[in-house]
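This report goes through a structure by looking at contacts between side chains. Charged pairs come before aromatic rings, and the surface comes last.

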Amino acid sequence: MKEWLKNWLFQNLANLITTARLIFSAWLVILAIYSQQLFLVFILVILCGITDYADGLVARRYGIESKTGGFLDRMADKIFICPTLLILIWRYLPQIEVDIFWRFLTVGLVVVIILLEVFLAISGILGAIKGLDISSNQWGRLKMVFQSAAVFLWFLFLVIEFDLKIKIFFFSIYLIDTIFIVAIYLAIKSIDSYSQRWEQKFN
């Protein structure tokens with residue numbers, strides 16, 4: 001029994017790390033909505049980033065990649081990004097002193113990102129049902145890096161502005177929006193890559 005458990009834990013190590021990311025993401029969302037503990041939320045963002053990197057690294061290094069793991073990883077990305085971005089523009093953006101143009105631009109970019117993520121999630125689910133290859137592509141991985149970086153920087157700037165009382169967001173929003181624009185471009189490239197992959201399968 002111990003040997004069976006050891007083998008099961010090894011084979012599912014990457015999935016367990018992904019599950020931990022889901023737990024961190026849920027905790028992050030709850031705290032971001034109901035708590036004023038910005039620094040703790042920021043720590044959870046870091047943990048989500050670390051586990052996102054670790055699950056793929058472990059799966060590749062030890063040869064335990066699986067379709068289930070890939071699907072869980074993609075869904076975990078969206079569960080982390082979409083609610084977090086919504087909370088940022090709903091709860092925290094109104095508290096920040098930025099020009100109305102940048103406020104509307106930021107909201108618009110976040111809405112586009114979320115719509116693209118929803119489209120990718122639905123496509124991934126339908127692809128999995130049809131037995132198509134839904135493993136992440138290079139554009140999707142890069143997209144997640146930029147989206148995570150934007151969330152990380154946003155919470156970092158919030159900690160600096162609200163906890164350390166240093167006004168920096170009037171400049172920081174330019175950087176965040178630039179990262180959002182790059183993430184949108186990468187999301188579109190990711191969708192195009194999946195389309196080409198699936199077209200080749202049926203041709």
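In this predicted model, Glu 117 and Lys 143 form a salt bridge through their side chains, with an N to O distance of 2.7 Å. Glu 117 belongs to helix α5 and Lys 143 to helix α6, so the salt bridge ties together parts that are 26 residues apart in sequence. Both Glu 117 and Lys 143 are buried.

The chain has 7 salt bridges in total. Three of them, including the one just described, are set out below.

| Salt bridge | N to O distance |
|---|---|
| Glu 117 and Lys 143 | 2.7 Å |
| Arg 21 and Asp 55 | 2.9 Å |
| Lys 167 and Glu 161 | 3.9 Å |

The bridge between Arg 21 and Asp 55 has its closest N and O atoms 2.9 Å apart. This pair links distant parts of the chain: Arg 21 is in helix α2 (residues 13-34) and Asp 55 in helix α3 (residues 38-61), 34 residues apart. Arg 21 and Asp 55 are both buried. In the bridge between Lys 167 and Glu 161, Glu 161 counts as buried because its relative accessibility is 5%, which is under 20%. Salt bridges with shared partners also join Arg 21, Asp 52, Asp 55, Asp 73 and Asp 77 into one network.

Aromatic rings make a further set of contacts, and the count comes to 9 aromatic pairs. The ring centres of Trp 154 and Phe 169 are 6.0 Å apart and their planes are at 55 degrees, so this pair is tilted. Trp 154 is in helix α6 and Phe 169 in helix α7 (residues 169-202), 15 residues apart. Trp 154 has 0% relative accessibility and therefore counts as buried; Phe 169, at 1%, counts as buried too. Trp 154 also forms a tilted pair with Phe 180, at 6.3 Å centre to centre and 50 degrees between the planes. Since Trp 154 lies in helix α6 and Phe 180 in helix α7, the pair ties together parts 26 residues apart in sequence. Phe 180 is buried, as is Trp 154.

Elsewhere, ring pairs link Phe 101, Trp 102, Phe 171 and Tyr 174 into a cluster. Lys 189 lies over the face of Trp 139, 4.9 Å from the ring centre.

On the surface, Val 118, Ile 122, Ile 125, Leu 126 and Ile 129 make a nonpolar patch of about 470 Å². Ile 129 lies in helix α5 (residues 100-129) and is exposed, with a relative accessible area of 67%.

The mean pLDDT of the chain is 87, and 95% of its residues reach 70 or more. Among the elements, helix α1 (residues 2-11) has the lowest mean pLDDT, 67, and helix α6 (residues 138-163) the highest, 94. Where pLDDT is low, the predicted coordinates should not be read in detail.

Conventions:
Residues are numbered from 1 along each chain as its sequence is written. This is a predicted model: local features need pLDDT of at least 70, side-chain atom pairs count only at pLDDT 80 or more; totals for chains, interfaces and linings use all residues. Side-chain values use heavy atoms; hydrogens and water are left out. pLDDT is the predictor's confidence in each residue, from 0 to 100. Helices (H or I, at least four residues) and strands (E, at least two) are DSSP runs, numbered from the N terminus. Patches are made of residues with over 30% relative accessible area and no salt bridge: like charges are joined within 9 Å, nonpolar side chains (Val, Leu, Ile, Met, Phe, Trp, Tyr) within 5 Å. Accessible areas come from the Shrake-Rupley method with a 1.4 Å probe; for residues, only the protein chains shown count as cover. A salt bridge is a side-chain nitrogen of Lys or Arg within 4 Å of a carboxyl oxygen of Asp or Glu. Buried means under 20% relative accessible area, exposed over 50%, partly exposed in between (1.4 Å probe, protein chains only). Rings of Phe, Tyr and Trp (its six-membered ring) pair if their centres lie within 6.5 Å; planes under 30 degrees apart count as stacked, over 60 as edge-to-face and the rest as tilted. A charge sits over a ring if NZ of Lys or CZ of Arg is within 6 Å of the ring centre and within 35 degrees of the ring normal.
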